[in-house]
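User: Please take a close look at one part of this model, the loops with unusual backbone geometry, and then set that part in the context of the sheets and the ligand site around it.

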Amino acid sequence: MKPPAELIEKLRAAKRVAVLTGAGVSAESGVPTFRDAQTGLWAQYSPEDLATPRAFLRNPKLVWEWYAWRRELVAGAKPNPAHLALVELAGRFPEFQLITQNVDGLHQQAGSRNVIELHGNITRTKCFDERTIVTEWAETGDIPPKCPRCGGLLRPDVVWFEETLSATDLNTAMRASASSDVFLSIGTSGLVYPAAGLPIAALGHGATVVEINPQPTPFTAKVHFALAGAAGIVLPELVTSLRE
Ligand code: BJW
């Protein structure tokens with residue numbers, strides 16, 4: 001389906017564009033959305049039982065293994081047409097800021113540069129105690145493995161519930177959202193803050209806000225354009241319409 005002509009006009013006139021992506025953007029690459037990741041073995045746990053520091057301290061092996069399973073899925077995933085369309089979109093505007101909640105690195109793999117990864121990256125590992133990145137450790141059979149410097153537990157370098165996001169990244173994301181002419185919210189349920197505050201900031205500052213999601217979210221009734229569909233279909237259509 002062709003995107004609305006008024007949206008294409010807004011995009012043609014836009015100088016500053018900000019984009020927030022969520023798990024839905026990687027769904028067509030075979031990476032389960034955050035809430036869909038509770039399948040099979042993991043169906044008995046809610047994300048809040050696995051993605052918090054308290055959950056990790058309660059059962060580090062369980063949480064490490066959940067991430068090991070997801071890391072393996074991500075390792076086999078390739079960028080899809082939504083990721084690629086965002087690379088092309090970036091080239092059309094003097095200022096373009098891509099902000100993702102995804103931890104899979106697929107935007108960068110597609111060719112996007114200057115991506116803000118609000119919730120970290122699943123491929124990196126850090127020490128729970130020292131909070132520093134660790135790249136090598138001894139395979140002793142411990143699950144999770146131990147920090148080679150302090151012997152603390154290793155964990156993925158992602159942002160769990162009740163942990164703070166990088167203040168620098170969040171400020172940059174907030175400034176780009178609040179000064180955007182057009183803001184796109186793509187493939188996110190809009191439930192998790194502070195990321196969910198970015199479209200709200202954009203709306204508050206008068207940006208044209210667009211949502212791309214096959215399901216309604218808390219933003220759907222508030223945005224200027226709600227495009228109900230899969231990102232891997234809707235985004236390439238948007239880019240094609242801009243080219244015409
Ligand atoms: C498609 C599609 C296709 C499918 N195309 N679309 C009350 C009010 C406000 C805040 C809070 C509150 N109570 C608690 C809080 C704070 C909390 C929070 O927001 N909780 C809410 C649940 C209420 N936030 C935090 O704790 C944050 N930190 C913080 O606030 O610090 C201050 C603080 C300190 C101390 C105490 C309290 C606060 C940190 C949040 C970190 C989130 N981390 C996670 C895990 C990352 C690591 C990992 O991946 O394991 O990030 S949680 C999880 O949710 C993950 C995601 O990035 C994030 C967002 O999920 P997303 O991307 O939206 O995915 P889904 O699955 O929810 O939705 C997918 C969407 O795609 C759906 O809509 C589909 O329809 C759609 N879709 N196919 C397009 N083809």
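Analyst: Pro194 lies in the loop between β7 (182-186) and α9 (197-204), and in this predicted model the peptide bond that joins Tyr193 to Pro194 is cis, with omega at about 5 degrees. A second cis peptide bond runs from Ile143 to Pro144, where omega is near -5 degrees, and Pro144 has its place in the loop between β5 and β6. A further backbone feature is found at Asn114, a residue other than glycine whose phi is positive, near 60 degrees; Asn114 belongs to the loop between α7 (106-110) and β3. As background to these three places, most residues other than glycine have a negative phi, and most peptide bonds are trans.

The strands that border these loops belong to two sheets. β7, the strand before the loop of Pro194, is part of an open sheet of 6 strands in the order β3-β2-β1-β7-β8-β9, with parallel pairing. The edges of this sheet are formed by β3 (116-117) and β9 (225-227), each of which pairs on one side only; β3 is also the strand that follows the loop of Asn114. Within the sheet, strand β1 (residues 16-21) and strand β2 (residues 95-100) run parallel and are joined by 6 bridges, and one of the residue pairings places Val17 with Phe96 of β2 as its bridge partner.

The loop of Pro144, by contrast, connects β5 and β6, which belong to an open sheet of 3 strands with antiparallel pairing, in the order β5-β4-β6. Because β5 (133-134) and β6 (154-158) stand at the edges and each has a single partner strand, one side of each is left without a neighbour in the sheet. Strand β4 (residues 120-127) runs antiparallel to β5 and is joined to β5 by 2 bridges, with Lys126 standing opposite Ile133 in β5.

Turning to the ligand, it sits in the largest pocket, and 31 residues surround the ligand, of which Arg35, Tyr67, Arg70, Glu162 and Ser189 come nearest. By residue class, the shell around the ligand consists of 16 nonpolar, 10 polar and 5 charged residues, and both α2 (24-27) and α5 (60-75) supply at least two residues of that shell. Several polar atoms of the protein can be placed against particular atoms of the ligand: a backbone N or O atom of Ala23 lies 2.8 Å from an oxygen atom of the ligand, while an N or O atom in the side chain of Glu28 is 2.8 Å from a nitrogen atom of the ligand. Glu162, one of the nearest residues, has a polar backbone atom 2.7 Å from an oxygen atom of the ligand. Of the 1500 Å² of accessible area that the ligand has on its own, the protein covers 74%.

Definitions and conventions: Residues are numbered from 1 along each chain as its sequence is written. This is a predicted model: local features need pLDDT of at least 70, side-chain atom pairs count only at pLDDT 80 or more; totals for chains, interfaces and linings use all residues. Side-chain values use heavy atoms; hydrogens and water are left out. Two strands pair if DSSP finds at least two bridges between them. Helices (H or I, at least four residues) and strands (E, at least two) are DSSP runs, numbered from the N terminus. A residue is near a molecule or strand if one of its heavy atoms lies within 4 Å of it. A polar contact is a pair of N or O atoms within 3.5 Å; within protein, one must be able to donate a hydrogen and the other to accept it, and residues adjacent in sequence count only if both atoms are side-chain atoms. Accessible areas come from the Shrake-Rupley method with a 1.4 Å probe; for residues, only the protein chains shown count as cover. On a 1 Å grid over the protein atoms alone, a cavity is a set of points where a 1.4 Å probe fits but cannot get out, and a pocket is an open set with protein on both sides within 12 Å along at least five of seven lines; lining residues have an atom within 4 Å of a point. A molecule sits in a cavity or pocket if more than half of its atoms lie within 2 Å of its grid points. Ala, Val, Leu, Ile, Met, Phe, Trp, Tyr, Cys and Pro count as nonpolar, Asp, Glu, Lys and Arg as charged, and the others, Gly among them, as polar.
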